[in-house]
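The following exercises concern helix geometry, helix packing and unusual backbone angles. Each task is followed by a worked solution.

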Amino acid sequence: MATALVLAGMAVLLETFGGDDRVRQCRMVCDIAARWFGMLPASAVPASATPPAPGASWEVPSPARGRRFGNAHPLPQTIGVRIMLLTAGTRGDVEPFAALARLATARGHDVRLAVPDDSGVDLSGVDAASLELQFGRLLPASSTPWSLLRHLRREVHPAMRRMLAAAVRETVAFTPDVVVHHPLILSAPMVAGALGVPRVLVEFSPVATPSAEFTAPGGPTATRDLGEYNRSTYAVPRAAARLFDRDVARAAAQLPGGLDPLPRAPSAATLMAASPALLPRPRDWPERVHLTGAWNDLAAAASIDPAIAGFMSGGDYVVATFGSMAAGNALSRGRAVIEAARANGLRVLLLTGWGGLEVPFGMVGADVLAVRAAPLDAVLPGATLAIHHGGAGTSHAVARAGVPSVVVPFTADQPFWAVRMHQRGIAARPIPAGRLTAATLAAAIAHARSMRPRAQRVGSAMREERGLDAALRVLEGL
């Protein structure tokens, strides 16, 4: 999510500069790209980010009828609330919303979910609508300045404009009692205000909820403690969002006659869909922020391909996935993963995702199985450890399975979660994607294996969480 937001924000900045000031534009793009697209300095993983001492403990801690437009009214205190869910991003941003949609529907509510077209998430049993967005096209294939510039102007900004308008159109058509939205759906506050209904923000990483206890996830400061300046880092995502005000105003054209967009109002509540086992609640979050725990569909029974099931039963293995991270040399990363696993006597289940991992020619063997995707909740519990990019959804899935990690963060909020897992003693020190080698990964795997007892305790605590139930109770109690 944060990656797309910054990409789009950069596109608007470039358009705002205008003219022929190419030197300033190029310098700006180079500077931001160096921080956001995998070129993380060694200092991005502070030496102070060490796990607790051995033996230490921690806290795991109905359609509108006669609606007045303007000020939001409280939700009706009856069953059958009409809930509009809006999300954008990759699988990790869509799957939890789909799980919430299913639970709310089963509890008697009327729910519609608007999503990108290419998430790959099973939406069976969900009333789903399209946001007219191919999110995969927003992710850059290259981090060179001029390719980024072309990509931002040709793909990111037009796609965001279409998505913001589609979100308004689908919401108006559904006539909801409440709007529940991902931070990237920047037009959600406007349409909720125009319809006179409350809105609820959902965060998988605390990008929009400032705290003095840590810096904003995403960007070059995500892993650093800036002390009294921590809260000031949250101005960056806020400023990026404000850059889209013109596109949000254009999306207002989707409102029916007689409705006007109102000034942005605070959300009625924020659902922080993260586990307190990984992110203990900061003391300075307001009461309207609810740390629900991660959203997992406990009723979903994931089926495994027989080839994968057979591989899993053949001996100790690691699960390696970089999700939607496709930029860079996938063959080189695949080689590093396989060589490092073999050096530790482990087999490799390689989830190639959107192209971030590939098996080099000559390295195929009985100890390597490469598939595009597999349900993490099904393949992780039996794994020795996981090698992953540190996305919020993947980090929670691995931790919930009780499996230690080696995290290879690329961008956005991934360094934030990588350091959190390391600090909790369930992951080796992160390896920035640009510094990944077979040797560094082999050493990290050996270290991570010693963390299994602590990882199992954290996983056991997380499996007791009922994040979806907590979230729905908040919605029903507004």
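**Exercise 1: A positive phi after a helix**

Thr175 is located in the loop between H4 and strand S4 (178-181). The model is predicted. Determine the sign of phi at Thr175 and state whether Thr175 is buried, partly exposed or exposed.

*Solution.* Step one: phi of Thr175 is positive, about 50°, although Thr175 is not a glycine. Step two: the relative accessible area of Thr175 is 27%, so the residue is partly exposed, since buried requires under 20% and exposed over 50%.

**Exercise 2: The span of H9**

Compare the expected span of helix H9 (residues 330-343) with the distance between its end C-alpha atoms, and describe its surroundings.

*Solution.* Step one: H9 has 14 residues, and at 1.5 Å a residue these should span 20 Å. Step two: the end C-alpha atoms are 20 Å apart, which agrees. Step three: at the N-terminal end, Asn329 acts as a cap, with a side-chain oxygen 3.1 Å from the backbone nitrogen of Leu331. Just after H9, Gly345 has a positive phi of about 70°. Step four: the buried residues of H9 include Arg333, Val337 and Ile338; their cover includes strand S8 (317-321) and helix H13 (438-449).

**Exercise 3: The packing of H3 and H15**

Describe how helix H3 (residues 91-106) packs with helix H15 (residues 467-476).

*Solution.* Step one: the helices pack at an angle of about 65°, with axes 10 Å apart. Step two: H3 passes H15 in a right-handed crossing. Step three: Pro96, Ala99, Leu100, Leu103 and Ala104 of H3 meet Leu468, Asp469, Leu472 and Leu475 of H15. Step four: these contact residues comprise eight nonpolar, no polar and one charged.

Key. Residues are numbered from 1 along each chain as its sequence is written. This is a predicted model: local features need pLDDT of at least 70, side-chain atom pairs count only at pLDDT 80 or more; totals for chains, interfaces and linings use all residues. Side-chain values use heavy atoms; hydrogens and water are left out. Helices (H or I, at least four residues) and strands (E, at least two) are DSSP runs, numbered from the N terminus. The expected span of a helix is 1.5 Å times one less than its number of residues. Buried means under 20% relative accessible area, exposed over 50%, partly exposed in between (1.4 Å probe, protein chains only). Contact means heavy atoms within 4.5 Å. A polar contact is a pair of N or O atoms within 3.5 Å; within protein, one must be able to donate a hydrogen and the other to accept it, and residues adjacent in sequence count only if both atoms are side-chain atoms. Axes are lines fitted to C-alpha atoms, for helices over the stretch in contact, and angles run from 0 to 180 degrees between N-to-C directions. A crossing is left-handed if the near helix is turned anticlockwise from the far one by less than a right angle, and right-handed if clockwise. Ala, Val, Leu, Ile, Met, Phe, Trp, Tyr, Cys and Pro count as nonpolar, Asp, Glu, Lys and Arg as charged, and the others, Gly among them, as polar.
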